[in-house]
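Q: I've got a structure open and I'd like to learn how to read it feature by feature. Can you walk me through it?

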Amino acid sequence: MISKFAAIVGGVGGLLLAFAIFQLANTLWLLPAARDEGRALERADALNKSMELIQKRSQTNAEIRNLDSAGLCVALGGRWVPEDSICE
């Protein structure tokens, strides 16, 4: 008949063996796949952000191109003097 000590040692050993197997599976298969997926998601997010910034920049460039001298002066924080047609 199995003693209590042998049952406890067998249970603890089984738990340690199961833990070691799961750690090995995580290290060899699950974590590398998750890292690759995370990198792909990060690249896609960075690409989307870059596209948004380029679109905003294009809109800003179009707005600036459509300004006259007075509007450009005011947009840059100056004060337009209409009598002299200068920006202060």
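**Reading the model**

A: Sure, starting with burial: buried residues make up 2% of the 88 residues in the protein, where buried means under 20% relative accessible area, exposed over 50%, and partly exposed in between (1.4 Å probe, protein chains only). Keep in mind that this is a predicted model, in which local features need pLDDT of at least 70 and side-chain atom pairs count only at pLDDT 80 or more, while totals for chains, interfaces and linings use all residues. Residues are numbered from 1 along each chain as its sequence is written, and side-chain values use heavy atoms, with hydrogens and water left out.

Q: Which elements does the protein have, and in what order do they run?

A: Helices (H or I, at least four residues) and strands (E, at least two) are DSSP runs, numbered from the N terminus. Here you get 2 helices and 2 strands, and the order from the N terminus is α-α-β-β. Helix 1 covers residues 4-65, and strand 2 covers residues 86-87.

Q: How do I read the radius of gyration of the protein?

A: Set it against a globule rule: the radius is taken over C-alpha atoms, and the rule is 2.2 Å times the number of residues to the power 0.38. A compact globule of 88 residues would come out near 12 Å, but this protein has 34 Å. The box tells you more: along the principal axes, the C-alpha atoms fill roughly 110 × 20 × 10 Å.

Q: What separates the C-alpha atoms of pairs such as A25 and L67?

A: Compare sequence separation with distance in space. A25, which lies in helix 1, is 42 residues from L67 along the chain, and their C-alpha atoms are separated by 63 Å. P32 is also found in helix 1; Q59 is 27 residues from P32, with 41 Å between the C-alpha atoms. Then take I86 in strand 2: I86 and C73 are 13 residues apart in sequence and 8.6 Å apart in space, C-alpha to C-alpha.

Q: Are A25, P32 and I86 buried or exposed?

A: In between. A25 has a relative accessible area of 23%, so it counts as partly exposed. P32 is partly exposed at 29%, and so is I86 at 38%.

Q: What does the surface of the protein look like in numbers?

A: Accessible areas come from the Shrake-Rupley method with a 1.4 Å probe, and for residues only the protein chains shown count as cover. The protein exposes about 7800 Å², with carbon and sulfur atoms supplying 64% of it. Patches are made of residues with over 30% relative accessible area and no salt bridge; like charges are joined within 9 Å, nonpolar side chains (Val, Leu, Ile, Met, Phe, Trp, Tyr) within 5 Å. One nonpolar patch of about 460 Å² is made by L24, L28, W29 and L30. L28 sits in helix 1 and is partly exposed, with a relative accessible area of 47%.

Q: How many salt bridges are there?

A: The rule asks for a side-chain nitrogen of Lys or Arg within 4 Å of a carboxyl oxygen of Asp or Glu. The count comes to 1 salt bridge. D36 pairs with R39, the closest N and O atoms being 3.5 Å apart. Both lie in helix 1, 3 residues apart, about one turn of the helix. D36 is partly exposed at 47% relative accessibility, and R39 is partly exposed at 43%.
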